Amino acid sequence: QNMLEELLIHKPDDPIQYMINHLKQNNDNAPRVCVLGPPASGKTTVAMWLCKHLDAIRISWETLLFKEILTPTKEAKAYKERKQKIPNALWANLIQERLSNMDCIKQGWILEGFPENQEQAWMLQSSGIIPRHVVVLYAPDNVLIERNSGKRLDPFTEDVYHTTFDWPSDPLVQQRLVKPEDLSEQEISQKLLEYHRNFPEVFQIYRKVLKSINADQPSIDVLSQVLTYVQTRHRSAAPFTPRILFCGPPGSGKSLQAALIAQKYSVVNICCGQLLKETVADKTKLGELVKPYIDNGYPVPDKLVMKILAERLNAPDCVTNGWVLYGFPRDVEQGEQLQESHIIPN
């Protein structure tokens, strides 16, 4: 799916070679995460923690301007020195160039604080930069204003702490903490106003891969919720025929759940025991072989069961609509036989 997205975006002259290069270079399981939120919501803390935990590359405005030597860096720094707003197109170019480096391709990336508005989001998408997960931190404005004044930075590790909410226990770390160049209360109020004005449009663009997380709770809870989300895999939008297998002990509700699913999604409901009885009733050759076992209360040999199951699951209605099966397999050997017969639930 990722390779198809890349093909549609880049439209290469030689699609086959492009796909070969993609498979050689890309790690489709590498994280591609955007961490968004208003000022002082904890984006840096979350992004740095995710990078440590997932071994991914953190990209923020500080890393782009002061730690990377990229083609547009000089131009972007000039805007910053003149205290002018860096154009969206220049930010997009910086991000695109950085994310095309091999470390980001192999290890994945955590993009902190971008995109800030709809135009940036569109520019990133048109460049083929599409996050798999977008985390949005939120908290009441008064909490964010209070947090902003208590922020402290460790110049050695670049970890962010807070005088009230997240103070380090190590006295050595406490001594070297510095107060960053924070915004005044008036400036952060203005930034919050701008964020609230721009964010709804960004939300619409990423709504299918976006999760909002309350940042006004203990940091360990925030980080736990963020990690749980970015480790989930989104369901593919590609159509598929459901092949569902229900397992569980007697009385756990397999038959009821199978019936409900079959009714709701119009798939074929197959109970292995019932299928064997129907085969006997139909008086087929297989039915005649099965009849003595059922009449005498003996278990039907797995080979016979597999033949009957394979025949039923390959019938046109099962192939077209999909199926839900219960009552088989009951042990590892039966499960392996199911796999060998290429009857694989999805």
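**A tour of helix α12 and a three-stranded sheet**

Select V222, L223, V226, L227, Y229 and V230: these are the buried residues of helix α12 (buried means under 20% relative accessible area, with a 1.4 Å probe and protein chains only). Look down the axis of α12: the buried residues line one face of the helix, because they fall within an arc of 160 degrees, taken from the directions between the helix axis and the C-beta atoms. An α-helix has 3.6 residues a turn, so residues three or four places apart point the same way.

This is a predicted model, in which local features need pLDDT of at least 70 and side-chain atom pairs count only at pLDDT 80 or more. Residues are numbered from 1 along each chain, and side-chain values use heavy atoms, without hydrogens and water.

Now show the whole of α12, residues 219–230. Its twelve residues should span 16 Å at 1.5 Å a residue, and the end C-alpha atoms are 17 Å apart, which agrees. Helices here are DSSP runs of H or I with at least four residues, and strands are runs of E with at least two.

Next, add β1 (32–36), α3 (43–54), β4 (133–138) and β7 (210–214), which are among the elements that cover the buried residues of α12.

Move to the open sheet of three strands, ordered β8-β10-β9 with parallel pairing (two strands pair if DSSP finds at least two bridges between them). Its edge strands are β8 (243–246) and β9 (268–271). Select β10 (residues 323–326), which pairs with β8 over four bridges. Which residue stands opposite W323 in β10? R243 does.

Key:
The expected span of a helix is 1.5 Å times one less than its number of residues. Buried means under 20% relative accessible area, exposed over 50%, partly exposed in between (1.4 Å probe, protein chains only). Contact means heavy atoms within 4.5 Å.
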